[in-house]
Structures are given as C-alpha cells and as structure tokens.
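Work through the exercises below with the structure open. Try each task before reading its solution.

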There are 2 protein chains.
Amino acid sequence: MKRGKTGNNKFLKRLNRMTILNVIREYGAISKIELSKITGLSPTAVGSITSELQEEGYIHETGKGESKGGRPPKLLELKPGSYYSVGVDFDVDYMNLALVDITGQVIDQKSHKVPKWDSVENVAEKLELMIAQIINKHSINRQKLLGIGISIPGLVDLNKSEIIMAPNLGWKNINLKSYLIQLKDVPLYIENEAMASAIYENWIGSCRGIENFVCINIKSGIGAGIFINGKPYRGVSGTAGEIGHMVVDENGPRCGCGNFGCLETLASAAYIEQRARKMARQGVSIKLSSYKDIDSISIDDVAEAARNGDEASIDILRESGRYLGMAIANTINMLNPKRIVLGKEFTKYADIVLDTVKAVVERKALRSPAAVVEIIASEIGDKASTIGAALIPIKELMEGHSCT
Amino acid sequence: MKRGKTGNNKFLKRLNRMTILNVIREYGAISKIELSKITGLSPTAVGSITSELQEEGYIHETGKGESKGGRPPKLLELKPGSYYSVGVDFDVDYMNLALVDITGQVIDQKSHKVPKWDSVENVAEKLELMIAQIINKHSINRQKLLGIGISIPGLVDLNKSEIIMAPNLGWKNINLKSYLIQLKDVPLYIENEAMASAIYENWIGSCRGIENFVCINIKSGIGAGIFINGKPYRGVSGTAGEIGHMVVDENGPRCGCGNFGCLETLASAAYIEQRARKMARQGVSIKLSSYKDIDSISIDDVAEAARNGDEASIDILRESGRYLGMAIANTINMLNPKRIVLGKEFTKYADIVLDTVKAVVERKALRSPAAVVEIIASEIGDKASTIGAALIPIKELMEGHSCT
C-alpha cells in the first residue's frame, strides 16, 4: 500500500515506453487514441513516445482502423524483423538455439550436439560461434540484438545472471557472461529451463491470459516452472518448483539427492531409457531386444516401440505416467492451478501416457481442484524452453526486469 | 501493465483513507509529515483525511515526535478501544470467540462446546447469543463493531461469503448470513480456518513482514494457508492448500476422500487419538490403558502421557511427525517458503514432535530450500484462526477486500 514519490522522470519515461510497447504487443494493432485510453497516458505523451519508438524502429504504422466518422485512425504494431533475440537451451549433450524477432515470431532454430560434461570455456566458445552463425545467416546487425536468454537445467541467480548449480551439466557457481568475448556487450539473461518453458507458454503459448499454472518438464531430471498471479513464482531463494524430488514411492530407487523414490527416479526420461535397456537385455521386450546397440536405446525408440504395440515399452511408459500423476495430484491439491503443461521429452510419448496421467489425477486429486484444472502436453514439443529463453530479452524490454 | 483512468473520486478517497490507516497501523505512531512522505499524498490531503479519521474516532493524537528544530510534531496512532471486531472459529464440537479492537489487541476470548453435527439454525442462534454476550460484557455499542470474521474448516466462497463445503461440520452450500437475525446488518466474512491462521501470523503473529510462508493446521483434518508475495494464495477456484490429502503412504488407511494414505489419515489429531485408544485397549500403553474412559482419550491425554515417559504415546506422536515431515519436505521443495508454521492441536504436542518433523525435513527436502526455511509451532496455540478471523474486518478497513 505504500506509494513512493514518482519524481524520477527517467524511470517514469522508461515505464511509459514499456507500457506502450506491451499494450501494442497485447493488442496486435492499435490506434494512438486507444493507447491513450488503455494506458491512462495523455494523447500528447502517447504521441511523443510512439514517435520515438517509430524512429527507433520498434513499431510501425499498419493499415487503418475503423472510422467512427472522420478519418480512420492509423494503427500501430510491433515491426516484424526490427529487433531480435536469441534463446539457448542447454542440456547434458545438446545446445538448442532459437532466433526470434520482437513480435515473438520464430525466425530460425538450430540444435547442436555438445560433448557431455564439457568445460565452460568450450561451451562458451561454441555458444558464441553458434550465435554468430545464426545471426550472420539472417544478416542481422549486432545492434539489433536485444539480448540472449539462456535456459539452464538447474538453479540460477537471476540478479547476478549466474548459474548456481546445474548438476547434470556439472556446473557450479558459473558466471557464463565472464566467459564470453564477442558477445560481452550483449545483455545476457540466465533462467531455469522449466521457468523458461513457463515464460513461453504464458507469453505466446497455451497459457496466455492464465494467471496460475505449472509447467512440468520431463528430461534427465524433472522440474516445474510455476506461475502465480500472472508472474513467475520462484520462492524465497529462487528454488521453487523442485517437483522432481517429491517422494512418490518410499521404497523406490535411490536418487542423486540422497532420498529414495523421488519422482525423478521413477518418471524421468533417463529412468525410462534405463528401464527399457534393462528390459531389452532381459529379452522382456521383443522389439527392444532386437536393437543392435541396446546401450543407446533412446526415449524415441521406446515411444516408437510402444506405438508399434510393444507391451513392455507401453508398460514402462505408463508406469512413469502413474508416478507423474501422483505428483501432479499433490500439486493440484496444494496449488489449485488452472493448467498443468507437460513438456520436453514428455511430448515424445504424450500420446501413450497422457491418459494414464489424467486417470491417476482423477483418482488421487480432490474433486474440486481436479474439476477446474486442464492437463495438457506442450504444443511445441521440447522447444518451449528454447523459445521461452529467447523471449526473456523481449519481456525485459516490455515489462522490465523479467525475473520478477 | 494496464492502467485504468483514476477519475473515480469516491474510490480514490476510500483508497487513500485505507492507505493512511494502514500506514498508521504499521508504524505504530507517526506524524502527518511522515505520513505524507510515505504515502506520497499531499500534506493537505493527509490533513483532511486524518481529521476525518480523528472525528470518527479511528485514530487519536498521542505524545509528541522528535523535533528537528521548531515544535515537535504530534503523532497519530490507532485509537485503542475505538472500534472492535469479533472472530469465531468453528469446529466439530466447539465455537471459539475472540473480541479484538482496531489495534489488533485481544480484549476477550471465549470457548463454547457445541453439539456435533448441529443444524445451521441452532449454530446461528448460538452464535448470535455468544456474540451478544461478549460485546455486552464489554459495553460495546453495535455501531462500533466493524464486522464478524468466521473461520471454517472447509471450502468457502469469499465473494458470496458462503460455506461451500465443511465436511467435518456436515455443512454444504450454506449462506450463514441468511440465518442471522440480530446481526444481519453487521458485515460478515467467511474464511477457511488455515487461511485465518495465516492471516493472524502475517498481521500480528510470527510471520510479520514475511512474504512467502505456509501455515499448516492439524486438527480433525489437516489444511494449509499459503501466503505468496505477502498475500493469501487461494488458487484458481479457492481450494489451494489441501495438504491433508497429499499421499504419504500408498498402503496407508483409507481416507474420506477415497484415497489411501493421505496425510490426514496418518497425522491428524483425530488419527492420533484413534491410535492411542487402540493402544490403550490392547494394553500396549500402560499409561493410557489405565484410563477409565478409553473412548474419550484426547490428544491432551496422549501428550501428557508422552511427557510422563509413556513410550507408546511418544511413538504415536512421533510417527505422526514423520508423516508430517514428509509432506512438509514436499511443500518446501515446491514452494521454497521462508517459514512453515504448525498450528492448532499441533501446539499441544509440539515439544514432543517438532524435532522429529525437522529431522525428517532435513533428510527429505533438498538442501538449498531447506537451508532457508524455518519450521516453528504457532506461538498462540490453537487460537490463531480465531484471532485471524477477528482481524479480517479490520484488514478489510485498511487493505480493502481482505479476500485477495
């Protein structure tokens, strides 16, 4: 309820620019009169700010609005291809890149294999090379790059843009920015990968306009990005969303965290692959047993085998769905969210497992919160966190510190 | 980011009054000059609003502030005993009342036994009688009653002030207000009892200034009141905080919700009493077996026996602590809160069980969020939800709709 004095003109001006850009984004195309009505800013202020934004190339005039008598007003919209942002999603053995423009349009995507447990120096070098390639390919001037968003499977410090801990990458207390040479002047934002997915879903994906939702990413680990009241919820020290370490079977396998039966140990893609390889070796799955290189059976292989009727593969996948359903039921009881979005590797076998997840939730969650929640698989497969990371510099431009 | 036009003077005036009252409350005693600085309102506006509030009796002048040259400024504070509020906490077989004044000072408390599963008509009649008694006893004019806050162990609709479902009371879709005759003109607020406790802890209890915390109440059921970013978090349909139905043992007892091994079935006070009676009947506990009326062994009896060294009683209580610890570990991983406050019946045996809860959390929760959380027992025993309910009408006066 406390209000500060608002004498700081520079701050106010920046806030007004952000507000106008964001309203233009939300409305798609809008007249200055409407902008003034919606923002509460005077027509003069709107005129001066939009002129500035037009000069700088962020927005342009497009078509004409409906006339209510007199000349139809000109409409303003974000100018496609005027400014860009790059998102990078890291994981154990790959680096996914996405180039998006200021409108959120995905211009290009790339995926690169990287050696497991590579040094930060090597990763940073590769990162600079990949980003240089993608922006050169599209002849993008470095000045037009709003920033780079990095999605990390681990704990990050948003204020310092540091990686606190990414166990699967073997990184601890890393200031990635300090390793960059060519890109050292480009703003860099570090984000947890499940939260990057949630940012994607909220900004342009399936959770637009949804205030309370949870994105659960299933990969080598399992993490959740939680949105509450329309904003990322991070908890008191930034670690909220650690659903992967919810104990779903006290007698389950030992987890890296020291506990037994954490969700990760029974429903992660890594666990599914491990189980499938074991089944293949034991000859339980005829399909998988016929693979030449059993050690490299992947989640795609298990999903394909299941789709071709391999019972063992179907069982392995559905078993992971049952555990996932239990953890989701607890989440629904506690948080009463509007939507749960399951992402990353899950989208590769959602057709086989989503019904199992829903059935378990129906049985385990309380009726009242279960009745209002929708459980879906992310619509863009495993790319949500990459694009979400790319959206962070744009969000920064329009909403201020994207971290809050 | 959207801003509405702020031409509505009546609304603005109400907002400014609330802001000033709330700042006075927060600061204890404050000068008009400081009020103007903190709120950003002009000295003229502050002068006119505080005069009005003084005339109406909400605030008064007290002592004098420090002079920085010239006359020392007069300080304003909330006027004790000027306005009042009554809070009522319902449960299966009792009705607890608290009378508080505008400063949050508890003036009186009462507890009444009520028959189990009584009709709403009877309960409403008793409620009116009890409230009349407590305000007459203190010669309080009905006009000075800001409102009545009701705390219910169940699901409530804050907007309609209705009880949607209170399974332990046997109530469903009840508009309590419509049953009141003498009190029909007094504002009535219905709140979930765990959230009422959380409101108490945040407003005057152990969570002042804490943005993210969870109050877990243990009684016949187990429920949580969640505060996020300094406000009650209720979820998309108002049911958030249903921690009692987190499955902590898949092979556990059947729960009223249809599942097996919900936290409630293994750690509620009702379960502890049930287990103790069984032990008494089986002669496992010498202490409890010596009770004349085994069927009425209460949680107080179990706690007392444990304190006197009865091993069986200690085991029963600590077992409940282990399950509670598991659910709390999951909550800490998901929400990364600053504090967990355990309330209601738990405070009767906290000295025996709190260490067990903490030990389980240390083993089961991830290190990083576990390192920042404090787990404590509520300092005012089982009265937090009663006083919390009484604070709602005062919160309404100072912060607007207390429900958000």
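**Exercise 1: a sheet in chain A**

Three strands of chain A make up an open sheet, ordered 8-9-10, with antiparallel pairing. The model is predicted.

Task: Find the edge strands of this sheet, and give the average twist from one strand to the next.

Solution:
- Step 1. Look for strands that pair on one side only. These are strand 8 (155-157) and strand 10 (171-174) of chain A.
- Step 2. Go from one strand to the next: the twist averages 20°.

**Exercise 2: one pairing in detail**

Task: State how many bridges join strand 9 of chain A to strand 10 of chain A, and which residue A:Ala166 stands opposite.

Solution:
- Step 1. Strand 9 of chain A covers residues 162-166. Three bridges join strand 9 to strand 10 of chain A, and the two run antiparallel.
- Step 2. Across from A:Ala166, in strand 10 of chain A, stands A:Trp171.

**Exercise 3: two helices in chain B**

Task: Describe how helix 1 and helix 2 of chain B cross, then list the residues in contact.

Solution:
- Step 1. Take helix 1 (residues 9-27) and helix 2 (residues 32-39) of chain B: their axes come within 11 Å and cross at roughly 115°.
- Step 2. Angles of 65 to 115 degrees count as roughly perpendicular. Helix 1 and helix 2 of chain B are therefore roughly perpendicular to each other.
- Step 3. The crossing of these two chain B helices is right-handed.
- Step 4. Helix 1 of chain B contributes B:Thr19, B:Ile20, B:Val23, B:Ile24 and B:Tyr27 to the contact. Helix 2 of chain B contributes B:Leu35, B:Ile38 and B:Thr39.
- Step 5. Sort the contact by class: six residues are nonpolar, two are polar and none is charged.

Technical notes: Residues numbered from 1 in each chain as written. Chains lettered and ligands numbered in written order. Predicted model: local features only at pLDDT ≥ 70, side-chain atom pairs only at ≥ 80, totals over all residues. Heavy atoms only, no water. Axes fitted to C-alpha atoms, helices over the stretch in contact; angles between N-to-C directions. Helix = DSSP H or I, 4+ residues; strand = E, 2+ residues; numbered from the N terminus. Parallel < 35°, antiparallel > 145°, perpendicular 65-115°, else oblique. Left-handed = near helix turned anticlockwise from the far one by under 90°. Contact = heavy atoms within 4.5 Å. Nonpolar A, V, L, I, M, F, W, Y, C, P; charged D, E, K, R; others polar. Pairing = 2+ DSSP bridges.
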